[in-house]
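Here are my notes after a pass through the model, in numbered points. Have the viewer open while you read.

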Amino acid sequence: MTQSVAVVASLSGAVKRYGALTALDGLDLMLHRGELLALLGPNGAGKSTAISLLLGLTRADAGKVELFGRDPQDIEARRRIGVMLQSSFLPPTLTVAELLRLTSSYYPAPRTIDESAGMAGIADLLSRRYAALSGGQQRRVQFALALCGRPELLFLDEPTVGMDIDARQKLWAAIRRLTAEGCAVVLTTHYLEEAEALAHRVVVLGKGRVLSEGSVDALRSHVAVTRIRCISELDVNALAQWPDISLAERDGTHIHLHSDAPEKVLRRLLDADPALSELEVRRAGLAEAFTELTRESEIEKEAA
Amino acid sequence: MSVITINRVPPLPMPPCRLLGAYLTEARSECIRYFRMPGFLLPVTLFPTMFYLLFGIVMNHNADANTARYLLASYGVFGVMSPGLFGFGVSLAMERENGLLTLKRAMPMPAGAYLLGKMVMAMLAAGVVMLLLLALSVGLAHVQLGVLQALRFLLTGMLGVLPFCAMGMLVGTLVKGQGAPGVINIIYLPMSFLSGLLVPLSALPSVLQQIAPIWPSAHLQQLALGAVGLGQSPAWPHVLVLLAYSAGFFLLAARRLQRVG
C-alpha cells in the first residue's frame, strides 16, 4: 500500500533578517500529514522565526512559505491549524468554558466544548476563571484551545513548560492520539526527552539553517559515543591510553568512560578488573547528540 | 514509515452563520471580560463622571438652564472620549505587549473581529458614562430634557465614541504596554481643553479658538449641543468631519497593525 505523504506546510529557502541579524538563512522545511516533527536548536537558532513565518505572523524577506498550499496570512489556511504559543496571555477574567467557546467559534467544524476539555484533561476546570488556575492548568487550557478546532496541523511551542510529570505524560498521550488521527504536529521544546518520546522526525536548527534532519535514532547515531560507568580500582590514566576510549575520568569510587566501540572495551575491562561492580552502559541520548551537533556548528562557524 | 490511513473530509468552508457567530462571540467575550474587570472600567467611566460632578455641577450650582445644558453636552463629550481613547488604546497597547494579539493573529479569528469587539465594548462603556451624566444632570443640576433629547444625547455619545476609538487604536499601535496611559493622557486632557470642553471656547485666546475645529472633540461637542437643544449649526458637516477622522485614524492604525503587529 503506497500513499503519497501529503505536505501540509513548507518553508523553502526562507530568509528572514531583523536588521543586521539573520534569523533564517535559507531554511528548507517540510511538514507532512500525521507526522510529529520536533524542531530543536539552541536559543537564537531560528525556531521561533520559522514558526512565525508558518503562522503568517511575519513575512519572509526571501523564499516561499506555504500553509496548505496557501499564503499563511490567508485565513482559509489558518482555519486548518491549531496554535499553542510559548508566552500565551489569555483574558484572565474569562472562564475556561468561555475561552473554549470563543476559540471554537473561529473554526468551521470545531469539537464540542466537552470533547476538547476531555482531550486536554481540563473537564473539571470549565467553570473556573483563567486567572485562578495554576501555571500547569493554564498550559492545559491553552492546549485545549489549540485542538478545539479539529486542526490538521498543530503548532506546539514549548507545550509542557510548568507542567508536573503526570500532566506532561497525559499531554504526551493526547498528542499521540492526535497524530494517530492524522494531525501533523510541529513541536518545539527544550526538553529533549519530550522530542525523544514523541517525535517521528527531528530537525535541529542552528544559525537559521538545518543542521541535521532525521529520526530520533538517526540523530542519536550521529554521536557514536557510548557511556560506561562502574566502580573499579583501575587507573584512569592507563585506561585513557586504551584504544577505543575517548575519555576516562574518576569520580570517587566510580570511573566514567566514553567509547565508540563499547563491546571491545567492556570485554577488556572485565578481564582487567574482576572486582568491577555496578556496571552501567548507556548509549548517547538525544541530549548528547544535540550538544554535539550544535557544538560542531559553533566550531565550523569559528573556523570559517 | 508506517502509512496511516486517513479518513478525512476535505477542508470545510466556513458557513456564513458561523462567521457571524465568531464576530458575536468575540464581541461578547470582550465585553464580559472587561465588565468583570472593575479596576479597568471604573476609572474609565467614573473619572469623567466625577469631573462633571465637581466642575460641571458643584462649581456651577447657580447656572441658568442653558448653561447647565451646555455643561452637560461638553462634559458628555469629555466623558465619551475616555472609554474611546483609554478603553481602546490602552487595552490594545497591553495586548500587543502580552502576546494575546499575537495568538489571535495566529488563530483563524476573522479579520476585524478583535477590533469590532473592542468597539462594542467602548460603545457600551460610553453609554454607561452618558447615562450616569444624564442621571446627575437631571437629578442634581435640574436640567430639563425631553425623552427624545435624552435618547439623542445617549446615541450621540455611543456613536461619538468611534472617532476616539480609532484615535486610541492608532496610539495603541504606536506605543506598547505601560507607556500607553501616559501618552493618551497627554492627548485626552489638552484636546478636551483646547476644544472648549472644560472651559468655554469663548474664554480661550483667539488663536486657540481659531484652531479648535481641527479637534474631533470640538465637532462632537457641536453634535452633543444639538442633541440637548442648543444646536447652532446643521449637524451634517460635523458628522462628516468625524467620519473622516474615524476612517483616517482607523486606516493608519490597521495598516500598522497588519505590518508590525
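1. Start with A:V203, which sits opposite A:E213 of β9(A). That pair belongs to the match between β8 (residues 201-206) and β9 (residues 209-214) of chain A, an antiparallel pairing with 5 bridges. Keep in mind that this is a predicted model.

2. The turn of that hairpin is worth a click. Between β8(A) and β9(A) there are 2 residues, and A:K207 adopts a positive phi near 50°.

3. Further along chain A there's an open sheet of 4 strands, paired antiparallel in the order β11-β12-β10-β13. On its edges are β11 (245-251) and β13 (277-283) of chain A, each with pairing on one side only. From one strand to the next, the twist averages 15°.

4. Which strand does β11(A) pair with? That would be β12 (residues 254-259) of chain A, running antiparallel to β11(A) and joined to β11(A) by 6 bridges. If you want a register check, look at A:I245: the residue standing opposite is A:S259 in β12(A).

5. This sheet has a helix lying across it. Helix α10 (residues 262-272) of chain A lies across β10 (226-231), β11, β12 and β13 of chain A, and runs at about 15° to β10(A).

6. Some overall figures for chain A. The secondary structure adds up to 11 helices and 13 strands, and the C-alpha trace spans about 70 × 45 × 45 Å along its principal axes. Of its 304 residues, 44% count as buried. Looking at contacts with a separation of 6 or more, 67% come from residues 24 or more positions apart.

7. Over to chain B for a helix pair. Helix α3 (residues 65-98) and helix α7 (residues 179-194) of chain B pack with their axes 10 Å apart, at an angle of about 160°. Angles over 145 degrees count as roughly antiparallel, so α3(B) and α7(B) are roughly antiparallel to each other. The crossing of α3(B) past α7(B) is right-handed.

8. What does each helix bring to that contact? From α3(B) come B:F78, B:M81, B:L85, B:F86, B:G89, B:V90 and B:A93. They meet B:A180, B:P181, B:I184, B:I187, B:Y188 and B:S192 in α7(B). Sorted by class, the contact of α3(B) with α7(B) has 11 nonpolar and 2 polar residues, and no charged ones.

Note on methods:
Residues are numbered from 1 along each chain as its sequence is written. Chains are lettered from A and ligands numbered from 1 in the order in which they are written. This is a predicted model: local features need pLDDT of at least 70, side-chain atom pairs count only at pLDDT 80 or more; totals for chains, interfaces and linings use all residues. Two strands pair if DSSP finds at least two bridges between them. Axes are lines fitted to C-alpha atoms, for helices over the stretch in contact, and angles run from 0 to 180 degrees between N-to-C directions. Two residues are in contact if their C-beta atoms, placed from the backbone, lie within 7 Å. A residue is buried if 20 or more other C-beta atoms lie within 10 Å of its own, exposed if 12 or fewer, and partly exposed in between; C-beta atoms are placed from the backbone. Angles under 35 degrees count as roughly parallel, over 145 as roughly antiparallel, 65 to 115 as roughly perpendicular and the rest as oblique. A crossing is left-handed if the near helix is turned anticlockwise from the far one by less than a right angle, and right-handed if clockwise. Ala, Val, Leu, Ile, Met, Phe, Trp, Tyr, Cys and Pro count as nonpolar, Asp, Glu, Lys and Arg as charged, and the others, Gly among them, as polar.
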